[in-house]
Amino acid sequence: MDTARHALSAVAEPAEVWMLVRQRPAVLRRSTRELATALADVHGPRFAVWHTDELLFGVQGGKLVLRTLGGADLPAPEVVCVRQVAGPMRSDREVTLLRHLERMGSTLVNTLDAQLRSRNKVSQLQELAVAGVPVPDTLSYATAPLEGVVRSPDLRAPCVVKSVSGAKGGQVFLAPDPYLLREVAGSLTRETPFLFQEHVASSHGRTLRVVVVDGEPVSAVLHTSHDGGLTANIAKGGSATVCTGRYPKADELAVRAARALGLDIAGVDLLFTSDDTYTVCEVNAVPGWRPEAAATILPAVTACVAKRMSARR
């Protein structure tokens, strides 16, 4: 997918539907490229892909403006499909751009508020718990010294330790006892908080990812660790088996989780608390998917975007 070509074509013929992706030189995920192609097939020249580092925005004459780096004015698109990963988004950068687009009248999929609820793993758990969605017991902190946190009597081992903004299974490990926690506390980064989460032993090394679009479960994939380790992410060498429709109770829970966070499109990761009961591990606002799942996910997402377009008419 030649994203530069699509962005440049938008200058001559402003597009009504955008896909907004990360700044270059980040390589776009296969699923994002697939979705861009699908949207281009549906909307033709009315569709464009923009990277966040290709846009200028501000106020002129009391009105909000949007421009290219070359100074060309851009009308706000009607619908923006946001494929900017929520975790690394910064309030003074990507969040400001998304807010600017919303204030100019664009409809975001997912909305900025939903993106913000999803960007921090503890923020997600707050919303899910308030909505009555089952989640593992979790402890985190704001500015407390990490060495003090790991000595808290409320912290029980074994527990899962992970960054509140990590992705693809990175910065995640299982602490089998409090002694290890104390030993590694000084090695954990101070820039981003960590959370300490109940280890769901019955789901060790396996998670169920359900993709929800517009309140409907459209795909499910079982991820399994390749070596008996904790994380089952593909990025960590895990395997994936498409199992759409095999776990109806999991589908129902995933829909509840997406609704609680206000997400139009969500990848909901579930842990097995038994063979037929689940708890929500985390929710991804910019989910990827296996090639085998594209046949159900891509039509659902393009229909979601079309529905948002129709609602504006």
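Student: Glu78 has 16% relative accessibility: buried or exposed?
Tutor: The model here is predicted, so its confidence rules come first: local features need pLDDT of at least 70, side-chain atom pairs count only at pLDDT 80 or more, and totals for chains, interfaces and linings use all residues. Numbering starts from 1 along each chain as its sequence is written, and side-chain values use heavy atoms, with hydrogens and water left out. Relative accessible area under 20% means buried, over 50% exposed, and in between partly exposed (1.4 Å probe, protein chains only). At 16%, Glu78 therefore counts as buried.

Student: Good start! With which residue does Glu78 meet in a salt bridge?
Tutor: A salt bridge needs a side-chain nitrogen of Lys or Arg within 4 Å of a carboxyl oxygen of Asp or Glu. For Glu78, the N to O distance is 3.5 Å, and the partner is Arg312.  This pair links distant parts of the chain, 234 residues apart, with Glu78 in the loop between strand 4 (63-68) and strand 5 and its partner in the segment after helix 9. That partner is partly exposed at 35% relative accessible area, and its name is Arg312.

Student: How are those helices and strands assigned, and which helix gives the most to the largest nonpolar core?
Tutor: Helices (H or I, at least four residues) and strands (E, at least two) are DSSP runs numbered from the N terminus. A nonpolar core joins buried Ala, Val, Leu, Ile, Met, Phe, Trp, Tyr and Cys residues through side-chain atoms within 4.5 Å. The largest one has 28 residues, and Met19, Phe47 and Trp289 are among those touching the most other members. Eight of its residues come from the top contributor, helix 9.

Student: Which residues does Ile297 contact beyond four places in sequence?
Tutor: Ile297 is itself among the core members that touch the most others. Contact means heavy atoms within 4.5 Å. With neighbours within four places set aside, the partners of Ile297 are Val211, Val218, Ser219 and Trp289.

Student: And where does Asp214 lie?
Tutor: Asp214 is partly exposed, at 29% relative accessibility. A network of salt bridges links Asp214 with Asp264, Lys307 and Arg308. Along the chain, Asp214 sits in the loop between strand 11 (206-213) and strand 12 (216-224).

Student: Last one: how far apart are the closest N and O atoms of Asp53 and Arg24?
Tutor: Asp53 is partly exposed at 29% relative accessibility, and Arg24 is partly exposed too, at 40%. Glu54 also forms a salt bridge with Arg24 (3.6 Å, N to O). For Asp53 and Arg24, the closest N and O atoms are separated by 3.5 Å.
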